[in-house]
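Welcome! Here is a short tour for anyone meeting this structure for the first time. Take a moment to look it over, and then read on.

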Amino acid sequence: MEDLYFSIDKDAKNFSLKLQSKSWELNIHGWNFEIDLLQDLFKTNWADRKTIKVGKSANASAYWTIERENVIIMIGNDDETWDFAIIISYQILNEIIEKFYSI
């Protein structure tokens, strides 16, 4: 898997998450309370089509789910007909959550 970098910024109400590799970049923006929803991501499963909606990118919703040890982030109008998706490791997700609560 390609090296992945991320940065996260937040103010009193909103967050901005940038996920980036050498060949692509994804920016997700949302409300701070939505990050708490990611704590329940382990209850999702792509095989069962269970997702959590957290943030937006390019005016479309970001849907998050688990598939084995990976986290899938899908961008689109819904979680069945999404337009773009990336896969990150569960470890990166944990790092994102830790960073969010430390700033």
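Buried residues account for 40% of the 103 residues in the chain. Please keep in mind that this is a predicted model. The notes below start with the overall layout, move on to the core, and finish with a few residues worth finding on your screen.

**Overall layout**

- Two helices and seven strands make up the list of regular elements in the chain.
- If you walk along the sequence, you meet these elements in the order β-β-β-α-β-β-β-β-α.
- How does the radius of gyration of the chain fit with that of a compact globule? For 103 residues a compact globule would be near 13 Å, and the chain has 13 Å, so the two agree.
- Along the principal axes, the C-alpha atoms fill a box of roughly 35 × 30 × 25 Å.
- Among contacts with a separation of 6 or more, 32% join residues that are 24 or more positions apart.

**Surface and charge**

- About 6,200 Å² of the chain is exposed, and 48% of that area comes from carbon and sulfur atoms.
- The side chains include 11 positive and 17 negative ones.
- The centres of these two charge sets lie 3 Å apart.

**The nonpolar core**

- The largest nonpolar core contains 26 residues.
- Which residues have the most contacts inside this core? They are Trp 64 and Ile 73.
- Six strands each give two or more residues to the core: E2 (14-20), E3 (25-31), E4 (52-57), E5 (60-67), E6 (70-76) and E7 (84-89).
- Helix H2 (90-102) also belongs to this group of contributors, and H2 gives the most, with five residues.

**Trp 64, a residue of the core**

- You will find Trp 64 in strand E5.
- Is Trp 64 buried or exposed? Its relative accessibility is 1%, and buried means under 20%, so Trp 64 counts as buried.
- Trp 64 and Asn 45 are 19 residues apart in sequence, and their C-alpha atoms are 9.5 Å apart in space.

**The loop between E4 and E5**

- Ala 58 is found in the loop between E4 and E5, and so is Asn 59.
- Ala 58 has a positive phi of about 50 degrees, although it is not a glycine.
- Asn 59, also a residue other than glycine, has a positive phi near 65 degrees.
- Are these two loop residues buried or exposed? Ala 58 has a relative accessible area of 76%, so it is exposed.
- Asn 59 is exposed as well, because its relative accessible area is 75%, and exposed means over 50%.

**Ser 89 and its partners**

- Ser 89 lies in strand E7.
- With a relative accessible area of 23%, Ser 89 is partly exposed, since that class covers values between the 20% and 50% limits.
- Which residues does Ser 89 contact, leaving aside its neighbours within four places in sequence? The answer is Glu 69, Asn 70 and Val 71.
- Ser 89 and Glu 69 are 20 residues apart along the chain, and 6.5 Å separates their C-alpha atoms.

Note on methods:
Residues numbered from 1 in each chain as written. Predicted model: local features only at pLDDT ≥ 70, side-chain atom pairs only at ≥ 80, totals over all residues. Heavy atoms only, no water. Helix = DSSP H or I, 4+ residues; strand = E, 2+ residues; numbered from the N terminus. Rg over C-alpha atoms; globule rule 2.2 N^0.38 Å. Buried < 20%, exposed > 50% of the residue type's maximum accessible area, 1.4 Å probe, protein only. Contact = heavy atoms within 4.5 Å. Areas by Shrake-Rupley, 256 points an atom, 1.4 Å probe, with all protein chains shown as cover. Lys, Arg positive; Asp, Glu negative; His and termini not counted. Charge placed at Lys NZ, Arg CZ, Asp CG, Glu CD. Core = buried A, V, L, I, M, F, W, Y, C linked by side-chain atoms within 4.5 Å.
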